[in-house]
Amino acid sequence: MNIKSDTHSELMHSATSTPNLKQRSEVNKNYGTNDFDGWVDCLINKIQFTSILDICCGTGNQLLKYAANNRNVLLIGVDISQESLQAADSRLRSIGATGYILKKVAMEDMFDDHEISNQKFDLISCFYGLYYSTDTKKTLEQMIDNLAYDGTILIVGPYGNNNSPLFEIIERHFILPDIVKRSSSTFMEHEVIPILSQYLSINTETFKNMISYPSSKVLMDYWKASTFFSSAHENAILLDIEDHFNTHGSFKMEKHIMACLARRL
Ligand SMILES: C[S@@+](CC[C@H](N)C(=O)[O-])C[C@H]1O[C@@H](n2cnc3c(N)ncnc32)[C@H](O)[C@@H]1O
């Protein structure tokens, strides 16, 4: 069976939901066995920047790091979700950050905004969001046009067999939408790097984080907060997941994460 027709709008509803975003971040943080935040800190510390555009900034996980850096002259965060931007705003205020700009705008339209298009940025980043663009090539080319002479574009997203144990269970019941499979596996290597490498020099770094879900409830809650939840298949998949826990005692799933750092040749 396939889920279709209103799949895209349901998926985008889930992709822009602030509670879902917070839920997934919490699960990964609480049950991950490796230090994702530490890995991101190392990436960022290697980059020189004073002006930053963070695309798909969500609730501000990366903005907080940039703001804490203290070298910033200009910090702009862009997201389509007003609720997530409000969460980012209160988190930034809570660390005493000032002078940042948060804009509710789709990434496809952000360069129509003169405050963005009139700037050249030292760092343009997008963590876990570029695959929602309706035109990845155009979005990337616009980023390049607005990159400072020795600036860096930093795109972070999943790759390879990311999420595959859960996908295997789910696909016994329904076929996952193409965007879910692509964004989780080949997007970075097939859709990001080939475009950026036409104009910029590329370095990639990868990180693996084993998430050990302690109960079927935690795993179900993670799935429910994901872009690939299907209420029509909830009961059947719960049975398979409970079966897995009865046999193995826990559920382990590796997150495969790639950072693509692109600089001028
Ligand atoms: C998985 S979250 C990542 C948030 C943040 N970068 C992080 O790593 O925590 C994806 C974000 O992309 C935003 N988003 C989805 N489609 C978008 C679009 N077309 N333009 C701008 N933001 C979008 C969602 O609202 C959501 O906040």
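Reader: Which residue in β7 is the bridge partner of Ile 153?
Author: This is a predicted model, in which local features need pLDDT of at least 70 and side-chain atom pairs count only at pLDDT 80 or more, whereas totals for chains, interfaces and linings use all residues. Residues are numbered from 1 along each chain as its sequence is written, and side-chain values use heavy atoms, with hydrogens and water left out. With helices (H or I, at least four residues) and strands (E, at least two) taken as DSSP runs numbered from the N terminus, the bridge partner of Ile 153 in β7 is Ala 262.

Reader: How many bridges join strand β5 to β7?
Author: Two strands count as paired if DSSP finds at least two bridges between them. Strand β5, residues 147–158, runs antiparallel to β7, and Leu 154 stands opposite Leu 261 in β7. The number of bridges that join β5 to β7 is seven.

Reader: Over how many bridges do β6 and β7 pair?
Author: Here Ser 201 stands opposite Arg 263 in β7. Strand β6, residues 200–213, pairs with β7 in the antiparallel sense, and the number of bridges is 14.

Reader: How many residues of strand β7 are buried?
Author: A residue is buried under 20% relative accessible area, exposed over 50% and partly exposed in between, with a 1.4 Å probe and protein chains only. Strand β7 spans residues 251–264 and is mostly covered, and of its 14 residues the number buried is 10.

Reader: By what angle are neighbouring strands of the open sheet turned against each other on average?
Author: Seven strands form this open sheet with mixed pairing, in the order β3-β2-β1-β4-β5-β7-β6. At its edges are β3 (101–104) and β6, each of which pairs on one side only. With axes fitted as lines to C-alpha atoms and angles that run from 0 to 180 degrees between N-to-C directions, the average turn between neighbouring strands, direction ignored, is 15°.

Reader: Why does Thr 152 count as buried?
Author: Thr 152 lies in strand β5, and although Arg 264 is 112 residues away in sequence, the two are 7.8 Å apart in space, C-alpha to C-alpha. Thr 152 counts as buried because its relative accessibility is 3%.

Reader: Which residues around the ligand come nearest?
Author: A residue is near a molecule if one of its heavy atoms lies within 4 Å of it. Helices α1 (7–15), α2 (18–31) and α4 (61–68) each supply at least two residues of the shell. Of the 20 residues around the ligand, those that come nearest are Cys 56, Asn 61, Gln 62, Asp 79 and Met 107.

Reader: What percentage of the ligand's accessible area does the protein cover?
Author: A polar contact is a pair of N or O atoms within 3.5 Å, and nitrogen atoms of the ligand lie 2.7 Å from a polar backbone atom of Cys 56 and 2.8 Å from a backbone N or O atom of Met 107. Of the 600 Å² of accessible area that the ligand has on its own, by the Shrake-Rupley method with a 1.4 Å probe, the share covered by the protein is 95%.

Reader: What is the phi of Cys 56, which is not a glycine?
Author: Cys 56 is found in the loop between β1 (51–55) and α4, where Cys 56 is buried because its relative accessible area is 18%. Although Cys 56 is not a glycine, its phi is positive, at about 60°.

Note on methods
A polar contact is a pair of N or O atoms within 3.5 Å; within protein, one must be able to donate a hydrogen and the other to accept it, and residues adjacent in sequence count only if both atoms are side-chain atoms.
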